[in-house]
Amino acid sequence: MKQLHVDIAVIGAGTAGLAAYRAAKAAGKTAVVIEGGAYGTTCARVGCMPSKLLIAAADAAHELRHTAPFGVHVDGEIRIDGREVMDRVRRERDRFVGFVVRGVDGIPAEDKLEGYARFVDNTLLEVDDTRVHASRVVIATGSSPVIPSPFKALGDRLIVNDDVFSWEALPESVAVFGPGVIGLELGQALSRLGVRVKVFGVRGGVGPLSDPAIRDYARIVFQQEFYLAPDADVKEMRRDGNKAVLRFVNLNGEEVTESFDYVLAATGRSPNVQNLGLENTSLTRDARGVPLFDPDTLQCGKSPIFIAGDANNVLPLLHEAADEGKAAGENAARSPKVLPLNRRAPIAVVFSDPQIMMVGQRFADLNANEIAVGEVSFEDQGRSRVMLKNRGLLHVYADKATGRFLGAEMIGPRAEHIAHLLAWSYQSQLTIDAMLAMPFYHPVVEEGLRTALRDAAAKLVA
């Protein structure tokens with residue numbers, strides 16, 4: 001068996017893994033990155049980028065159908081060619097993946113090892129016919145979709161978001177389970193592209209929202225466009241030939257049976273740690289098999305092992321994975337003198353229409369007696385009405401004792417941009433008054449944010 005000796009072994013060549021490798025090399029350490037699957041990050045291959053390509057096509061179709069209120073009439077039938085839609089999605093997806101692959105190609109051959117790694121002990125890995133002796137190890141193996149047991153009866157009628165981006169054409173019908181980020185984005189996009197879509201959820205959730213008022217507003221808005229049951233009562237799911245058959249109680253309280261070409265399970269993701277041989281290490285693991293680790297330093301106990309990105313399931317977002325990978329690589333290089341990761345302000349965006357955003361602390365995690373809530377509706381907000389994008393509600397949260405901005409939840413126009421303004425304000429620890437002292441141009445959607453901030457300021461002095 002071949003023997004390889006390095007300072008740091010990085011398992012996984014995704015966003016976190018590549019960032020960890022680069023950080024280790026920048027620190028002057030020898031390092032190897034180990035990957036058993038195809039190169040290309042989750043974001044580029046099956047996540048944020050291909051989904052936005054599908055959403056862009058869906059938005060184009062939607063805008064064409066809704067020009068009449070402006071006095072602009074599109075004559076004739078709007079034809080959606082599913083094959084052309086998916087061809088562009090796959091071509092552009094492959095282009096984004098290509099950027100990542102070219103980055104991996106730039107890594108010296110001696111620093112790359114293809115195959116699946118398994119721990120023999122804390123610092124010894126086996127990768128096919130090679131034994132890797134490392135002083136420290138970074139686990140950056142990403143995550144995979146979770147498939148609840150009842151769904152497995154559907155056979156090949158069951159798909160996950162990864163499968164959508166391999167379609168050569170659009171199906172006639174899809175049932176989506178899970179109205180979270182993935183389910184909302186793909187469900188709405190497919191609906192706008194002419195696919196018959198029904199979205200089913202549990203416990204009333206809509207996207208990542210925790211503020212009941214914002215969540216209820218979002219539910220109503222989306223239900224006006226496509227079937228959304230956030231707290232669905234599904235009695236049965238089975239396969240019948242080339243169809244998935246669901247028996248459920250609909251929104252009118254009637255028990256019905258419908259057939260779909262596919263059922264899309266957008267029911268969450270789980271860290272890829274099951275086949276790493278972690279039982280051969282000294283690590284303590286949780287019920288899911290994920291090593292217990294310090295979220296500040298990413299170190300697993302006092303061991304020479306670090307875990308970053310989706311594999312630790314703290315914040316499964318690309319920018320967080322990059323930050324964590326870099327911090328894990330740096331701490332692995334300087335170990336045992338590790339330093340805490342300086343996390344950025346929490347920020348999340350759902351690219352639905354209207355968009356959803358969350359910044360800072362969630363409403364559900366705040367003490368309602370200690371905060372002032374500033375509110376604005378975008379239904380009468382000037383620029384939003386001009387564009388006929390006037391569906392939305394924003395809540396900003398402020399500390400009653402200090403006036404500091406604590407967080408926000410929103411559904412509405414331009415939420416992705418407002419989210420960044422608010423994330424910068426949160427990270428800078430600004431007060432509501434300090435935020436109101438910033439410039440606001442006219443007429444822009446951001447003036448709605450100013451209205452919410454003014455509302456919060458008034459409540460702080462009341």
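**Note on the predicted model: strands, loops and surface**

1. Strand β9 presents two faces: Ser173, Ala175 and Phe177 point one way, Val174 and Val176 point the other way, and all are buried. The structure under review is a predicted model. Because five of the five residues of β9 are buried, this strand is largely enclosed by the rest of the structure.

2. The setting of β9 is an open sheet of five strands in the order β8-β15-β9-β10-β11, with parallel pairing. Its edge strands are β8 (158-159) and β11 (227-229), each of which pairs on one side only. Strands of a sheet pair through backbone hydrogen bonds, in either a parallel or an antiparallel sense.

3. The pairings of β9 can be stated strand by strand. With β15 (residues 262-265), strand β9 (residues 173-177) pairs in the parallel sense over four bridges. With β10, the pairing of β9 is likewise parallel and extends over five bridges. Val176 takes part on both sides: its bridge partner in β15 is Leu264, and in β10 it stands opposite Val199.

4. Which helix lies across β9, β10 and β15? It is α6 (residues 181-192), and this helix runs at about 160° to β10 (196-200).

5. A further open sheet has three strands in the order β12-β13-β14, with antiparallel pairing. The edge strands here are β12 (233-240) and β14 (255-260), each pairing on one side only. From one strand to the next, the twist averages 20°. Strand β13 (residues 243-249) is joined to β14 by six bridges, the two running antiparallel; within this pairing, Phe248 has Val256 of β14 as its bridge partner.

6. Strand β1 has parallel pairings with β6 and with β2. Nine bridges join β1 (residues 2-11) to β6 in a parallel arrangement, and Val6 has Ala134 of β6 as its bridge partner. Four bridges connect β1 to β2 (residues 31-35), which also run parallel. In that second pairing, Ala9 stands opposite Val32 in β2.

7. Two cis peptide bonds deserve attention when the backbone is reviewed. One joins Asp353 and Pro354, with omega of about 0°; Pro354 lies in the loop between β18 (347-350) and β19 (355-360). Another runs from His442 to Pro443, with omega near 0°. Pro443 is placed in the loop between α11 (432-436) and α12 (447-461).

8. Positive phi values are found at two residues that are not glycine. Asp128 has a phi of about 55° and sits in the loop between β5 (124-127) and β6 (130-139). Is Asp128 buried or exposed? Its relative accessibility is 58%, above the 50% cut-off, so Asp128 counts as exposed. Gln429 has a phi of about 60° and belongs to the loop between α10 (415-427) and α11. With a relative accessible area of 53%, Gln429 is exposed as well.

9. Gly407 belongs to strand β22 (residues 405-412). Why does Gly407 count as buried? Its relative accessibility is 0%, and buried means under 20%, so Gly407 falls in that class. Leaving aside residues up to four places away in sequence, Gly407 touches Val359, Gly360, Gln361, His395, Val396, Tyr397 and Tyr426. Val359 and Gly360, among these contacts, fall within the residue range of β19 (355-360). Pro295, in turn, is 112 residues from Gly407 in sequence, with a C-alpha to C-alpha separation of 21 Å.

10. At the surface, Phe70, Val72 and Leu388 form a nonpolar patch, with about 270 Å² of accessible area together. Val72 is located in the loop between α3 (48-65) and α4 (82-105). The relative accessible area of Val72 is 45%, which lies between the cut-offs of 20% and 50%, so this residue is classed as partly exposed. A place in the patch requires over 30% relative accessible area, and the 45% of Val72 therefore satisfies that condition.

Methods. Residues numbered from 1 in each chain as written. Predicted model: local features only at pLDDT ≥ 70, side-chain atom pairs only at ≥ 80, totals over all residues. Heavy atoms only, no water. Patch = residues over 30% accessible without salt bridge, like charges linked within 9 Å, V, L, I, M, F, W, Y side chains within 5 Å. Areas by Shrake-Rupley, 256 points an atom, 1.4 Å probe, with all protein chains shown as cover. Salt bridge = Lys/Arg side-chain N within 4 Å of Asp/Glu carboxyl O. Buried < 20%, exposed > 50% of the residue type's maximum accessible area, 1.4 Å probe, protein only. Pairing = 2+ DSSP bridges. Contact = heavy atoms within 4.5 Å. Axes fitted to C-alpha atoms, helices over the stretch in contact; angles between N-to-C directions.
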